[in-house]
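Good morning, colleagues. I would ask you to look at the structure on the screen while I take you through one of its sheets and the charged side chains associated with it.

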Amino acid sequence: AAVEIHATMSLYQDEAITVSLAPDSQGERDFLPAPTELRGRLLLADRGYTDTAYARNVTAAGGSFVIRFKKGMNPTVVTGWAASTRMRGIAGQKLKAVMGKFRNKSVDLDAEWGQGEQKTAMRLLFAWNPQEKDHMILATNLNRETFDTATVLTLYRLRWQVELLFKEWKSHSNLHKFS
């Protein structure tokens, strides 16, 4: 049976705040901080934590997030920009219908999932990686005027600190030899 370690790390304190050990079969989302704990804070999370309802609740609680999203999503596009120019002909369409227009360029979109009170609005950044010839997709509720694409990408790179923490723990505890 495999296990996973889940950690919430404070970049201000440069230390783990919570650490949980769980069966590999248990979902990562079970270990996210409660949205109310994120008031006035920024959550950086990887693809395993993609959840539009959670993002809506973090926003309602006064928190912020940058979460790497999976490619299979298909929200409705509200508007979009490429190289600071507003994109035409994409408003009101499903994301998968307009993805072809994003080839070889980074795009900053406003998108919506669901309807009525369950509607979730957020910003999607499609950051083009020319080496991989693919987009990295980040979802955020950070304001576009204050946090441009480059700033959001820089913030997301800080998430790597938790990976370095895990590497350090493995090294000090010889977990790479664990069987």
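Strand β8, residues 120-129, is mostly covered, with seven of its 10 residues buried. Please bear in mind that we are looking at a predicted model.

Which strands does β8 pair with? On one side, β7 and β8 pair in the antiparallel sense over seven bridges. With strand β9, residues 134-140, β8 likewise pairs in the antiparallel sense, over seven bridges. Individual positions help to fix the register: Glu-112 stands opposite Ala-121 in β8, and Asn-129 stands opposite Asp-134 in β9.

Let me turn to the connections. Six residues lie between β7 and β8 in their hairpin, and Gly-114 in that turn has a positive phi of about 75°. The hairpin of β8 and β9 has four residues between its strands. In that turn we find Lys-133, which is not a glycine and yet has a positive phi of about 55°. Is Lys-133 buried or exposed? Lys-133 is exposed, with a relative accessible area of 63%.

A further residue of this kind is Ala-83, in the loop between β5 and β6. Ala-83 is not a glycine either, and its phi is positive, at about 50°. With a relative accessible area of 72%, Ala-83 is exposed.

I now widen the view to the sheet. It is an open sheet of seven strands with mixed pairing, in the order β3-β4-β9-β8-β7-β5-β6. The edges are held by β3, residues 42-45, and β6, residues 85-86; each has a single partner strand, so one side of each is left without a neighbour in the sheet. Further inside that order, strand β5, residues 76-82, pairs with strand β7, residues 107-113, in the antiparallel sense over five bridges. Within this pairing, Gly-80 stands opposite Leu-109 in β7.

The last topic is charge. Side chains of opposite charge can pair when their charged atoms come close. The model holds five salt bridges. One of them joins the side chains of Arg-123 and Asp-108, at 2.9 Å from N to O. This pair links distant parts of the chain, with Arg-123 in strand β8 and Asp-108 in strand β7, 15 residues apart.

How accessible are these two partners? Arg-123 is buried, with a relative accessible area of 3%, and Asp-108 counts as buried at 6% relative accessibility. The cut-off that matters here is 20%: a residue under that value is called buried.

Asp-108 has another partner, for its side chain also meets that of Arg-144 in a salt bridge, again at 2.9 Å from N to O. Arg-144 lies in the loop between β9 and α3, 36 residues from Asp-108. Arg-144 is buried, as is Asp-108. Taken together, Asp-108, Asp-110, Arg-123 and Arg-144 are linked in a network of salt bridges.

For contrast in setting, consider the salt bridge between the side chains of Glu-112 and Lys-119, at 3.7 Å from N to O. Glu-112 is partly exposed, with a relative accessible area of 25%. Lys-119 is partly exposed as well, at 37%. Glu-112 is the residue we met earlier, opposite Ala-121 in β8.

To close, I return to the strand with which we began: β8 has antiparallel pairings with β7 and with β9, and it carries Arg-123, a member of the salt-bridge network. Thank you for your attention.

Technical notes:
Residues are numbered from 1 along each chain as its sequence is written. This is a predicted model: local features need pLDDT of at least 70, side-chain atom pairs count only at pLDDT 80 or more; totals for chains, interfaces and linings use all residues. Side-chain values use heavy atoms; hydrogens and water are left out. Two strands pair if DSSP finds at least two bridges between them. Helices (H or I, at least four residues) and strands (E, at least two) are DSSP runs, numbered from the N terminus. Buried means under 20% relative accessible area, exposed over 50%, partly exposed in between (1.4 Å probe, protein chains only). A salt bridge is a side-chain nitrogen of Lys or Arg within 4 Å of a carboxyl oxygen of Asp or Glu.
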